[in-house]
Structures are given as C-alpha cells and as structure tokens.
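Trainee: I am new to this structure and would love a close look at one part of it. Could you walk me through the residues that UniProt lists as binding sites, and show me how they sit in the whole?

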Amino acid sequence: MSMTDLLNAEDIKKAVGAFSAIDSFDHKKFFQMVGLKKKSADDVKKVFHILDKDKSGFIEEDELGFILKGFSPDARDLSAKETKTLMAAGDKDGDGKIGVDALQQSQEKQ
C-alpha cells in the first residue's frame, strides 16, 4: 500500500511544497493539508504503518527525520530542530518514540 492509496496525491504535493523551506515544518498544518484530519482511525493507522519504516510499531526519532519522504520520495528531510519539535509533540510518555495512538490523538485534537 502506498500513501496515495490513502491520501490525495495533489494534497500531498501541495503540503510537501508548503513546507519545503528548512525549519518551516508545522505538523498540525501538514497533517491537515494532506487530509489526515478527515480520515478514519483505520486509515490513520495505515498511514502510520507506512511511515514506520522498520515496522517496529513505533516511529523513532531517526525515522521521524525522514517523515516527509514517507509522503513523497522527493521531499526534504526534516531539520534536527523540526525533528525534535515533532518528537516532543508526539512522544507523550517520553520514551523516545511515537506510537500509532499518538498520531490518532493528534488528529482528534485538531
């Protein structure tokens, strides 16, 4: 399954383009722009599993830096600052990784 099986390719392209500048990434805006807010919990889980490259059930900090590439292979990597900010937003228990439940909760709060 690819990201475009779940999300509109044009929405992904616009969202990736909107955050092409270093240190411009805003995860809430990005996830809204790609359409995650409108997706079911099951679809959000599917997106999470695509982003979980090592299939550990979590997105660790090293994977998080490449999160945009999970949406579009030609997207940029997140800066260290952006990665830390995103990790802090999603890692509610401080264990250094983000579970699917954190992604789902962030969608519900938007």
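Mentor: Happy to! Let us begin with Phe58, which touches Phe48, Asp52, Glu63, Lys97, Ile98 and Gly99, leaving aside residues up to four places away in sequence. Please keep in mind that this is a predicted model. Phe58 belongs to strand E1, which covers residues 58–60. With a relative accessibility of 29%, Phe58 counts as partly exposed, because that class lies between under 20% for buried and over 50% for exposed.

Where does Phe58 appear in the record? An unreviewed UniProt entry lists Asp52, Asp54, Ser56, Phe58 and Glu63 under "binding site". Two of the contacts of Phe58, Asp52 and Glu63, are therefore also named in that list.

Now turn to Glu63, which sits in helix H4, residues 61–64. Its relative accessible area is 10%, so Glu63 is buried. Beyond residues up to four places away in sequence, Glu63 touches Leu51, Asp52, Lys53, Asp54 and Phe58. Asp52 is thus a shared neighbour: Phe58 touches Asp52, and Glu63 touches Asp52.

The unreviewed UniProt entry also has a "binding site" annotation that covers Asp91, Asp93, Asp95 and Lys97. Asp91 is found in the loop that runs between helix H6 (80–90) and strand E2 (97–99). Asp91 has a relative accessible area of 12%, so this residue is buried. Its contacts, again without residues up to four places away in sequence, are Gly96, Lys97 and Ile98. Here the two annotated groups come together: Lys97 and Ile98 are touched by Asp91, and both are also among the contacts of Phe58.

Finally, let us step back to the whole protein. Its secondary structure amounts to seven helices and two strands, arranged along the sequence as α-α-α-β-α-α-α-β-α. The radius of gyration is 13 Å, close to the 13 Å that the globule rule gives for 110 residues, so the protein is as compact as a globular protein of that length. The C-alpha trace spans about 35 × 30 × 25 Å along its principal axes. Of the 110 residues, 44% count as buried, and Glu63 and Asp91 are among the buried ones. Of the contacts between residues at least 6 apart in sequence, 55% join residues at least 24 apart. As for charge, there are 18 positive and 21 negative side chains, and the centres of these two sets lie 6 Å apart.

Definitions and conventions
Residues are numbered from 1 along each chain as its sequence is written. This is a predicted model: local features need pLDDT of at least 70, side-chain atom pairs count only at pLDDT 80 or more; totals for chains, interfaces and linings use all residues. Side-chain values use heavy atoms; hydrogens and water are left out. Helices (H or I, at least four residues) and strands (E, at least two) are DSSP runs, numbered from the N terminus. The radius of gyration is taken over C-alpha atoms; the globule rule is 2.2 Å times the number of residues to the power 0.38. Buried means under 20% relative accessible area, exposed over 50%, partly exposed in between (1.4 Å probe, protein chains only). Contact means heavy atoms within 4.5 Å. Lys and Arg count as positive and Asp and Glu as negative; His and the chain ends are not counted. The place of a charge is taken as NZ of Lys, CZ of Arg, CG of Asp or CD of Glu.
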